[in-house]
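Please look over the structure below. The report that follows takes up the sheet, the charged pairs and a few single residues.

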Amino acid sequence: MSALEQPVGTRVTQRRYVPYSHAHYAGNLVDGAYGLGLFGDVATELCILTDGDEGLFASYDDVQFRAPVRAGDVVEASAELVRAGTRSRVMAFTLIVVARGAATEDRPGAAEILDPPIVATTATGTVVVP
């Protein structure tokens, strides 16, 4: 089934724990490229779902880094099909932080679910499929 047969609004979501090996900056901050890599993963899954092919990323538009992502976070990356051309697929991406470490001296592994979650990164992008 092609994306032209899939309804606009088809959505894919993946969750990940952000390992401490990805911390690049003080305060265990993770660089923005980490989220963009996750957007590539959900775009690939969405292309497989809609087109039976991994597709190739052509471009990102309007990338917005809205809040920090830290090592120890649990993040959720989503891609939603917003427009389907003959070969191009435009997707909207969101990265949210759903859980964050809350370490204390007595509980170094403590963490908490964030309610509401924090929107960390948004973007739109175009993928090309054969």
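## Strands 6 and 7

Strand 6 and strand 7 run antiparallel, joined by 13 bridges. Methionine 91 stands opposite glycine 125 in strand 7. Strands here are DSSP runs of E with at least two residues, helices are runs of H or I with at least four residues, and both are numbered from the N terminus. Two strands count as paired if DSSP finds at least two bridges between them.

The model is predicted, so to speak of local features needs pLDDT of at least 70, side-chain atom pairs count only at pLDDT 80 or more, and totals for chains, interfaces and linings use all residues. Residues are numbered from 1 along each chain as its sequence is written, and side-chain values use heavy atoms, with hydrogens and water left out.

## The sheet

Strands 6 and 7 belong to an open sheet of five strands. The order is 1-5-6-7-4, and the pairing is antiparallel. Strand 1 (11-17) and strand 4 (56-65) are the edge strands, each pairing on one side only. On average, neighbouring strands of this sheet are turned by 25° against each other, direction ignored. For such angles, axes are lines fitted to C-alpha atoms, for helices over the stretch in contact, and the angles run from 0 to 180 degrees between N-to-C directions.

Strand 1 pairs with strand 5 (residues 74-84) in the antiparallel sense, over seven bridges. Here glutamine 14 stands opposite alanine 77 in strand 5. Strand 4 is joined to strand 7 (residues 111-128) by seven bridges, and these two also run antiparallel. Leucine 56 stands opposite valine 128 in strand 7.

## Salt bridges

How many salt bridges does a search of the whole structure find? It finds five. The criterion is a side-chain nitrogen of Lys or Arg within 4 Å of a carboxyl oxygen of Asp or Glu. Side chains of opposite charge can pair when their charged atoms come close.

One of the five joins the side chains of glutamate 80 and arginine 11, at 3.0 Å from N to O. Glutamate 80 lies in strand 5 and arginine 11 in strand 1, so the pair ties together parts that are 69 residues apart in sequence. Glutamate 80 is partly exposed, at 27% relative accessible area. Arginine 11 is partly exposed too, at 45%. The classes are buried (under 20% relative accessible area), exposed (over 50%) and partly exposed in between, with a 1.4 Å probe and protein chains only.

Arginine 16 and aspartate 41 form another salt bridge through their side chains (3.2 Å, N to O). Arginine 16 is in strand 1 and aspartate 41 in helix 1 (residues 32-51), 25 residues apart, and the pair links distant parts of the chain. Arginine 16 is partly exposed at 29%. Aspartate 41 is partly exposed at 32%.

## A buried charged pair

Aspartate 73 forms a salt bridge with arginine 100, and the closest N and O atoms are 2.8 Å apart. Aspartate 73 sits in the loop between strand 4 and strand 5, and arginine 100 in strand 6, 27 residues apart. Are these residues buried or exposed? Aspartate 73 is buried, with a relative accessible area of 0%. Arginine 100 also counts as buried, at 15%.

## Arginine 89

Arginine 89 is found in strand 6 (residues 88-101). At 2% relative accessibility, arginine 89 counts as buried. The arginine 89 side chain makes a polar contact with the side chain of aspartate 51, at 2.8 Å. A polar atom of the same side chain lies 2.5 Å from the backbone oxygen of glycine 85. A polar contact is a pair of N or O atoms within 3.5 Å; within protein, one must be able to donate a hydrogen and the other to accept it, and residues adjacent in sequence count only if both atoms are side-chain atoms.

## Leucine 36

Leucine 36 is placed in helix 1. At 22% relative accessibility, leucine 36 counts as partly exposed. Leucine 36 touches Tyr60 and Val63, leaving aside residues up to four places away in sequence. Contact means heavy atoms within 4.5 Å. The C-alpha atoms of leucine 36 and threonine 94 are separated by 9.9 Å, and these residues are 58 apart along the chain.

## The annotated span

An unreviewed UniProt entry carries the annotation "domain: HotDog ACOT-type" for residues 8-130. UniProt positions are given in the numbering used here, feature names are shortened, and annotations may be inferred rather than shown by experiment. The span is 16% helix and 53% strand, and its end C-alpha atoms lie 19 Å apart.
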